[in-house]
Amino acid sequence: MSSLDFDFYESEDPVWNPALLTIPVPGIRKMVNLAATMDDVIHLSIGQPDAPVPPHVVQAAVDALQAGQTGYTMDAGLPELLEALAEYNGERYGREISPENILVTTGATEAIYLALTAVSAPGREFIVPDPSFMLYAPLIRMNGGEVKHIPTRAENNHQLDPQEVIDAIDNNTHAIVLNSPSNPTGTVYPRETVETIVQEAAYRGIYVISDEVYDHLVYDNRDYAGVLSCCSDLDHVMIISSFSKTFSMAGMRIGWLIASQGAIRKLRRYHMFTTTVANTPCQWAGVAALKGDRGFIDDITETYRQRRNRLVQLVEQTPYLEGYMPDGAFYLFPSLPEGVNGNNVALRLLRETGVCAIAGDTFGESCRNALRFSYATSIEQIERAFERIIPWMEKQDFG
């Protein structure tokens, strides 16, 4: 970690808002920064697609720039993109979606920020799977909200037990956060899990905030149960997605949030005081992504499926790692033996083998004995990484 990182995250200077203390030093940043000081590092760390953006999507952004489309759009988003998103989601989930149900954001990150910080407050409790994407808990806590974790385990493919979620609901519960397919586990929740949670939440007047950025990266013809296909109305749901993972548009920073029209009106006002509007030329790229040839999605999904299969095989051959078969995204989250510190293992693995993985405690409290491997890289790189990992693990004594 650089001195600048230390100053930002650790300074006790009273000028800083105490809420910043709820934000941990990001484990991913720590590992990637350390890896940047080393030679010959193989990354199984980055959650970013390695495929190029489809050419027609790039061309749409170029055309928008050349046409002078560089000013602000409407605060809710480019009308053409709102219409395209409404049509796309309506067709996909078999229900009518209006452009007034959608807010275009600066990536899914802003959508998550808006959704969680707009509804969290002191005394409000949020149920969150553990492990989960590292943004959720800090954003809830920044505004005084409390997090109640529901642990999941590798031996159960990190599936979320809906009855555990229901049993965790109490009078202070304000929202339930879902992420399927999951980062960091790649777990896809079955339809009965999502339906059970969404229906119980609606009955109790509790929000479901669903991060669905990996919604197209689902393998083996598995059914994908998005919240839009499991809720009767939008009154107590917020659904978040983006172009980043599906179309390899991570740096173009276009995401969206779907909710009731009343919620969108409130969030639009918040959005105007956050980023104002999303990138205009890249919103036009989003229109092209939705309305153009989407064969790219099938091709990249098959590529990820093949990588997943090989990674699972290699983890099975690795001493001390307990894996499983993830159904989506591009992550595997195997466990080390109980009591082994995954952070220490990740640091030693990087320093002694040059393979960069992410420690489990980046993603929660119940998974300190885990590592996250990303397969958003070639099979050749995955093979090279495990040519180093397997013999290194064979030398360890975690008993």
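A residue counts as buried when its relative accessible area is under 20%, as exposed when that area is over 50%, and as partly exposed in between. The legends below apply these terms to a predicted model.

**Figure 1. A salt bridge between Asp215 and Arg92.** The two side chains meet with a nitrogen-to-oxygen distance of 2.8 Å. This pair links distant parts of the chain, its members being 123 residues apart. Asp215 belongs to the loop between strand E6 (207-211) and strand E7 (237-242), whereas Arg92 belongs to helix H4 (residues 79-93). Asp215 is classed as buried because its relative accessibility is 5%, a value under the 20% limit. Arg92, at 30%, is partly exposed. In the structure as a whole, a search finds 17 salt bridges.

**Figure 2. A salt bridge within helix H8, formed by Glu200 and Arg204.** The closest N and O atoms of this pair are 2.7 Å apart. Both residues lie in helix H8 (residues 191-204), where a separation of four residues corresponds to about one turn of the helix. Arg204 has a relative accessibility of 40% and therefore counts as partly exposed.

**Figure 3. A salt bridge between Arg222 and Asp327.** The side chains meet at 3.3 Å, N to O. Here too the pair links distant parts of the chain, with the two positions 105 residues apart in numbering. Arg222 is found in the loop between E6 and E7, and Asp327 in the loop between helix H11 (295-316) and strand E9 (331-332). With a relative accessible area of 30%, Arg222 is partly exposed; Asp327, with 13%, is buried.

**Figure 4. Asp40 and its network of salt bridges.** Asp40, Arg384 and Arg388 are linked in this network. Asp40 is located in the loop between helix H2 (27-36) and strand E1 (42-43). Its backbone angle phi is near 55°, a positive value in a residue other than glycine. Most residues other than glycine have a negative phi.

**Figure 5. Ser248, a residue with positive phi.** The phi angle of Ser248 is near 60°. Ser248 lies in the loop between E7 and strand E8 (255-258). Ser248 counts as buried because its relative accessibility is 10%.

**Figure 6. Cis peptide bonds preceding Pro131 and Pro181.** Most peptide bonds are trans. A cis bond joins Asp130 to Pro131, with omega about 10°, and Pro131 lies in the loop between strand E3 (125-130) and helix H6 (136-142). Another cis bond joins Ser180 to Pro181, with omega about -10°; Pro181 is placed in the loop between strand E5 (173-179) and H8.

How values were computed
Residues numbered from 1 in each chain as written. Predicted model: local features only at pLDDT ≥ 70, side-chain atom pairs only at ≥ 80, totals over all residues. Heavy atoms only, no water. Salt bridge = Lys/Arg side-chain N within 4 Å of Asp/Glu carboxyl O. Buried < 20%, exposed > 50% of the residue type's maximum accessible area, 1.4 Å probe, protein only.
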